[in-house]
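Reader: I am new to this structure and would like to know how the terms applied to it are justified. Could each one be set against its definition?

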Amino acid sequence: KRLTMNLDELKTAWKEYDQKLVSTQKIQEQIIIRMITERSTSTWTKARRYYIFGFLSASVWLTFSAAVLLGNPFDFRYSYQYIPMAIMAMCFLVFLILFIINYRALTAIQIHKASLAESLKRIIAHYDKPRKLLTGILYTYLAAAFLFPLSFLPPKIERAGIWSALGETLIPIGIGIALLLIASKFGAFKERHKTRFEKDLNELKELKAISAELLS
């Protein structure tokens with residue numbers, strides 16, 4: 001009889017311990033989820049600021065491009081001298097529109113603790129959308145930007161001759177391209193916000209898997 005009572009007491013104690021373990025696990029899980037939510041919200045805010053900065057930057061450069069095309073402050077004499085700036089102006093206009101669209105799309109995705117995983121999946125899907133247009137416009141802009149110094153060739157040729165003018169113009173263009181390639185190799189143009197959201201989602205999945213294993 002005493003042995004039976006000891007077994008019952010042991011089962012009761014173990015059950016209470018198991019309940020405390022489950023309760024502690026749930027509290028720890030909620031704390032971690034709260035931390036991930038706060039971190040994701042911070043990244044979300046920075047991503048929105050990036051779009052705002054991009055919109056303002058594109059607006060400034062579009063205004064500058066329009067001023068060059070309409071006011072001719074560089075005293076261009078030939079129509080082909082305007083081509084690189086005209087291309088850049090169109091690119092800035094497209095950038096401006098895309099920044100507005102992406103800002104509104106990201107703002108529409110709210111991050112909540114109760115549906116954190118779903119929110120992160122939607123945000124990552126936002127970055128995974130086909131961006132061929134954006135990539136094409138970016139390459140077009142870079143090509144026009146590197147060709148822009150050629151707009152100043154005619155007066156340079158008249159002043160110093162064709163070979164001297166080409167050397168004076170092409171060397172800075174070559175240096176600019178080299179610096180761009182180096183920056184690209186070191187990840188200057190990678191989408192860091194998406195990487196951070198993916199990291200948060202992976203940590204959340206790992207937490208859920210561990211929690212399910214402990215509670216099973």
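Reader: What makes the meeting of the Glu203 and Arg39 side chains a salt bridge?

Author: The term requires a side-chain nitrogen of Lys or Arg within 4 Å of a carboxyl oxygen of Asp or Glu. Glu203 and Arg39 meet at 2.5 Å, N to O, and this value therefore satisfies the 4 Å limit. Glu203 lies in helix α7 and Arg39 in helix α1, so the bridge ties together parts 164 residues apart in sequence. A helix here is a DSSP run of H or I with at least four residues, numbered from the N terminus. The model is a predicted one, in which local features need pLDDT of at least 70 and side-chain atom pairs count only at pLDDT 80 or more, while totals for chains, interfaces and linings use all residues. Residues are numbered from 1 along each chain as its sequence is written, and side-chain values use heavy atoms, with hydrogens and water left out.

Reader: Which residues are linked with Arg39 in a network of salt bridges?

Author: The network joins Arg39 to Asp200 and Glu203. The closest N and O atoms of Asp200 and Arg39 are 2.8 Å apart. That pair also links distant parts of the chain, with Asp200 in helix α7 (residues 192-215) and Arg39 in helix α1, 161 residues apart. In general, side chains of opposite charge can pair when their charged atoms come close.

Reader: How do you know whether Asp200 is buried or exposed?

Author: Its relative accessible area is 2%. Buried means under 20%, exposed over 50%, and partly exposed in between (1.4 Å probe, protein chains only), so Asp200 counts as buried. Arg39, at 36%, is partly exposed, and Glu203, at 28%, is partly exposed as well.

Reader: How far apart are Glu198 and Lys194 in helix α7?

Author: They are 4 residues apart, which means a separation of about one helical turn. Their side chains meet at 3.9 Å, N to O, in a salt bridge. Glu198 is partly exposed, at 30%. The structure holds 5 salt bridges.

Reader: What makes Val60, Trp61, Phe64 and Phe74 a nonpolar surface patch?

Author: Patch residues have over 30% relative accessible area and no salt bridge; nonpolar side chains (Val, Leu, Ile, Met, Phe, Trp, Tyr) are joined within 5 Å, and like charges within 9 Å. Val60, for one, has 55% relative accessibility and counts as exposed; this residue is found in helix α1 (residues 2-71). The patch covers about 390 Å², an area from the Shrake-Rupley method with a 1.4 Å probe.

Reader: Why are the buried residues of helix α5 said to be on the same side?

Author: In α5 (residues 153-160), Leu153, Pro154 and Lys156 are buried. They cover an arc of only 165° around the axis, and are therefore on the same side of α5. The arc is that of the directions from the helix axis to the C-beta atoms. On the other side, Glu158 and Arg159 are exposed. After α5 comes Gly161, with a positive phi near 95°.

Reader: Which residues of the largest nonpolar core touch the most other members?

Author: They are Phe95, Leu106, Leu116, Ile123, Tyr127 and Phe197, in a core of 30 residues. Helices α1, α2 (83-107), α3 (116-128), α4 (132-147) and α7 each supply at least two of its residues, and the largest share, 8 residues, comes from α2. A nonpolar core is a set of buried Ala, Val, Leu, Ile, Met, Phe, Trp, Tyr and Cys residues joined through side-chain atoms within 4.5 Å. Contact means heavy atoms within 4.5 Å; leaving aside neighbours within four places in sequence, Ile123 is in contact with Trp44, Leu106, Ile109, Ile111 and Phe197.

Reader: Why is Asn102 called buried?

Author: Asn102 has a relative accessible area of 16%, and the limit for buried is under 20%. This residue of helix α2 touches Tyr51, His126 and Arg131, not counting residues up to four places away in sequence.

Reader: What is notable about phi in Asn72?

Author: The value, near 50°, is positive in a residue other than glycine, and Asn72 is placed in the loop between α1 and α2. Asp75, found in the loop between α1 and α2, also has a positive phi, near 60°. At 61% relative accessibility, Asp75 counts as exposed.
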